[in-house]
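Got your viewer open? Let's take a short walk through this structure, one selection at a time.

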Amino acid sequence: MVEIYEHDSELAAAFQYAGSFTLEELEVIESHQTTVYLLAPVGQFNQVQTFNRAVGVLLRASGIAVKVESS
């Protein structure tokens, strides 16, 4: 499932907290216009592979960064 939202004002802070990004990278993340959420089960290896391919497509389509969350 895909969910698409406009600018998320808290996204850069989440990336800053989550990892080691440069100030320049965080500024690029802060300037994003759209946030895309991919929601998928990844309990099996083939599901993880499919998810990774989808992430690659988004990055090649001018995606800036990927943040993975699981529950």
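Start by selecting Tyr37. It counts as partly exposed, at 33% relative accessibility. Keep in mind as you click around that this is a predicted model.

Now add Tyr5 to your selection. Tyr5 is partly exposed too, with a relative accessible area of 43%.

Why show these two together? A search of the whole structure turns up two aromatic pairs. In one of them, the ring centres of Tyr5 and Tyr37 sit 5.6 Å apart with the planes at 80°, so this pair is edge-to-face. Tyr5 belongs to strand S1 (residues 2-6) and Tyr37 to strand S2 (residues 34-38), so the pair ties together parts that are 32 residues apart in sequence.

Next stop: the other aromatic pair. Select Phe15 and Phe21. Their ring centres are 5.4 Å apart and their planes are at 85°, so you're looking at an edge-to-face pair.

Which of these is buried and which is partly exposed? Phe15 is buried, at 5% relative accessibility, whereas Phe21 is partly exposed at 33%.

Now go back to the strands and select residues 2-6, which make up S1. How many of the five residues of S1 are buried? The number is zero, so S1 lies largely in the open.

Keep S1 on screen and add residues 34-38, which is S2. The two strands run antiparallel, and five bridges join them. For a last click, pick Glu6: its bridge partner in S2 is Thr34.

Technical notes:
Residues numbered from 1 in each chain as written. Predicted model: local features only at pLDDT ≥ 70, side-chain atom pairs only at ≥ 80, totals over all residues. Heavy atoms only, no water. Phe/Tyr/Trp six-rings, centres within 6.5 Å; stacked < 30°, edge-to-face > 60°. Helix = DSSP H or I, 4+ residues; strand = E, 2+ residues; numbered from the N terminus. Buried < 20%, exposed > 50% of the residue type's maximum accessible area, 1.4 Å probe, protein only. Pairing = 2+ DSSP bridges.
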